[in-house]
Amino acid sequence: MAGCVMFGIVIGAFYSSHFSGNRLSIINSSSNKLNNLLHIIDDQYVDTVNMNDMVESSIPLLLTNLDPHSTYINADEMATNNDDLKGSFSGVGISFVIRDDTLRVQGIIANGPAEKAGIVAGDKLITVDGKPFVGKECTNAEAMKRLKGPKGTKVRLGVLHYRSKKIEQYVVTRDDVVQKSVCAAYMLDDHTGYIRIKNFGETTYAEVLVALTQLGRDNFSNLVIDLRDNTGGYLGSAVQIINEFLPKNKLIVYTKGRKMPREEFRSDGRGTFQSIPLVVLINDASASASEIFAGAIQDNDRGIIIGRRSFGKGLVQQPIDFPDGSQVRLTVARYYTPSGRCIQKPYEKGDEQTYERDLVERFKRGEYFSRDSIKNIGPAYKTSIGRVVYGGGGITPDIFVAEDTSAVTSYYTEAIYSGLIFTFAYNYVDDNRSNLNHFDNIEQMASYLHRQGIVEQFVRYADANGLKRRNLMIMRSQALLEKLLISRIVYNKMDEAALYRYNNIDDKVIAAALKVFEDGAAFPKKPKK
């Protein structure tokens, strides 16, 4: 019935309006039946029915019967859904966490509205426009709703400074806040540049060019592009960046669907870095546009892919807007890498739970620990020089780096999922801000924290907050706990770029990339017959 109701509403919308330039005409024998059913429910059902609410809950249910990536976004969600990809939004310019039903300022965007007004990291936001903003109503969604707004509008924030008992009022004028998708760019060693891309948005290509220029001043001669945990974004941005590394007329990706003719994307030969030794890092959370990037580099034998098998999302969604501001993102085609492989992993229509559990099943099969456990479920294809690659389940790296879970214990896992590590790290920065202010160098801060017995401090804090001390497990996970605690403290005190720099210091995947350059093996070799 939910599906029928949804169809009736959609069909009504089709007759009365159109989808932002995407005119659709659906005429079939069941249209009258669906519309009649809607009228009957509205007119005769025993209880009053909110038809709008029924439609809102029915559309996602219907789309799950198509594929895992056809989705519906309601009007409220659409207002903030694309902020990360657009590269900017209008707001007050803070990053925050919510702890104990209170919004706590985690970071201040440099030269942003909040910084200009005098708000600093560690402040607590207590009121917004004179109304209390603590307790159950203090949620991420509500914070976004209250703090974002049209550029030039003002918002009055009641702020409690660290260790102060008096709420001070600040009038903040909203302005454009930049959201960067290149979250780190620096030199790994004297020769190797590193760029971390967390998604592909409208400004990503420009950000990458700026990063490459910055690395150029440091005379980089090798390049690592880190796409781990990159869930994708705009195809166009990925294609623009790939173009920088390929010679002329190389196929980057093509799309094809039942109603969509084949569309090819090729390099134009204008790329500045067509011959630089290149390594691309991926993992099981690398999806969509990041897989297109890795697939184009791998199939054209342009560089080495290192890490673990990627997620496996190879479906193209077309956004279709409704008059009320909501949107359906409907799968209309598939992506294909230059060798012809579709990277989309298998799915059963309507079985979203099994699809979502795929990463768990990979773990159970041992895929995170052994390349031999990777299940090649699709047909074999060949790269430009004849190397065998597989479709039907993501991008399999050229060099596999196993995940080390030997020190993972249930205590470590619970410390993460309980949120206690993150709360402790935030409070630690607050309580030690004056000491930490002396450090603007990541290595120096990490060395200082290493001497502070940070794990024992956390264990006492966790024990007082419901996570009981388990000495044997703590000893086994000592190094992991310290690494995670220091990384979160570095992030809370500095920024996201500092977090990645610290985590990369002893990263095995980074080490594997550096070894590739050291061995002169950044360009794939033709397989022996």
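**Exercise 1: a charged pair**

Decide which accessibility class fits Asp-229, whose relative accessibility is 44%, and then look at the partner of this residue in a salt bridge.

*Solution.* Keep in mind that you are working with a predicted model.

Step 1. Buried means under 20% and exposed means over 50%. At 44%, Asp-229 therefore counts as partly exposed.

Step 2. Now find the partner. Asp-229 forms a salt bridge with Arg-196, and their closest N and O atoms are 3.5 Å apart. The two residues come from distant parts of the chain, 33 residues apart: Arg-196 sits in strand β11 (residues 192-197), while Asp-229 sits in the loop between β12 (222-226) and α9 (235-243).

Step 3. Check Arg-196 in turn. With 6% relative accessibility, Arg-196 is buried.

**Exercise 2: a longer reach in sequence**

Which parts of the chain does the pair Arg-228 and Asp-507 tie together?

*Solution.*

Step 1. Start with the contact itself: the side chains of Arg-228 and Asp-507 form a salt bridge, at 2.9 Å from N to O.

Step 2. Place both ends. Arg-228 is in the loop between β12 and α9, and Asp-507 is in the loop between α20 (496-503) and α21 (508-518), so the pair connects parts 279 residues apart in sequence.

Step 3. Look at how covered they are. Arg-228 has a relative accessible area of 9% and is buried. Asp-507 is buried too, at 17% relative accessibility.

**Exercise 3: another pair, and a network**

Compare the accessibility classes of Lys-515 and Asp-519, then find out which residues one salt-bridge network joins.

*Solution.*

Step 1. A salt bridge brings the side chains of Lys-515 and Asp-519 together, with 2.7 Å from N to O.

Step 2. Lys-515 is partly exposed at 47% relative accessibility, and Asp-519 is partly exposed at 46%.

Step 3. Through shared salt-bridge partners, Arg-196, Asp-226, Arg-228, Asp-229 and Asp-507 become one network. For the whole model, the count is 24 salt bridges.

**Exercise 4: strand β16 and its neighbours**

Which strands pair with β16, and is this strand buried or exposed on its two faces?

*Solution.*

Step 1. Strand β15 (residues 278-282) runs parallel to β16, with four bridges between them. One example is Val-279, whose bridge partner in β16 is Ile-304.

Step 2. Strand β21 (residues 399-400) is also parallel to β16 and is joined to it by two bridges. Here Gly-307 has Phe-400 of β21 as its bridge partner.

Step 3. Turn to the faces. Ile-304 and Ile-306 are buried on one side, and Ile-305 and Gly-307 are buried on the other, which leaves both faces of β16 covered.

Step 4. Add the helix: β15, α10 and β16 form a right-handed β-α-β unit.

**Exercise 5: helix α10 and what follows**

How many residues of α10 are buried, and what is the phi of Asp-301?

*Solution.*

Step 1. Of the 11 residues of α10, 11 are buried. Among them are Glu-291, Phe-293, Gln-298 and Asp-299.

Step 2. After α10 comes Asp-301, in the loop between α10 and β16 (304-307). Its phi is positive, about 50°, although Asp-301 is not a glycine.

Step 3. Asp-301 is buried, at 9% relative accessibility.

Step 4. For a second positive phi, go to Asn-219, where the value is near 60°. Asn-219 lies in the loop between α8 (204-217) and β12, and this residue is exposed, with a relative accessible area of 61%.

**Exercise 6: the nonpolar core**

Which helix gives the largest share of the largest nonpolar core?

*Solution.*

Step 1. This core has 39 residues, and Ile-197, Leu-223, Phe-245, Val-280 and Phe-293 have the most contacts inside it.

Step 2. Helix α10 (residues 289-299) contributes the largest share, six residues.

Step 3. Zoom in on Val-280: beyond four places in sequence, its contacts include Ile-225, Phe-293, Ala-294, Ile-297 and Ile-304.

Step 4. Another core, of 31 residues, lies apart from this one; it includes Tyr-412, Ala-415, Leu-420 and Ala-446.

**Exercise 7: confidence**

Where does pLDDT stay under 50?

*Solution.*

Step 1. The protein has an average pLDDT of 86, and 91% of the residues score at least 70.

Step 2. Over residues 13-28, pLDDT stays under 50; the model has 17 contacts beyond four places in sequence for this stretch.

Step 3. Predicted coordinates should not be read in detail where pLDDT is low.

Conventions
Residues are numbered from 1 along each chain as its sequence is written. This is a predicted model: local features need pLDDT of at least 70, side-chain atom pairs count only at pLDDT 80 or more; totals for chains, interfaces and linings use all residues. Side-chain values use heavy atoms; hydrogens and water are left out. A salt bridge is a side-chain nitrogen of Lys or Arg within 4 Å of a carboxyl oxygen of Asp or Glu. Buried means under 20% relative accessible area, exposed over 50%, partly exposed in between (1.4 Å probe, protein chains only). pLDDT is the predictor's confidence in each residue, from 0 to 100. Contact means heavy atoms within 4.5 Å. A nonpolar core is a set of buried Ala, Val, Leu, Ile, Met, Phe, Trp, Tyr and Cys residues joined through side-chain atoms within 4.5 Å. Two strands pair if DSSP finds at least two bridges between them. A crossover is right-handed if, with the strands pointing away from the viewer, the path from the first strand over the helix to the second runs clockwise.
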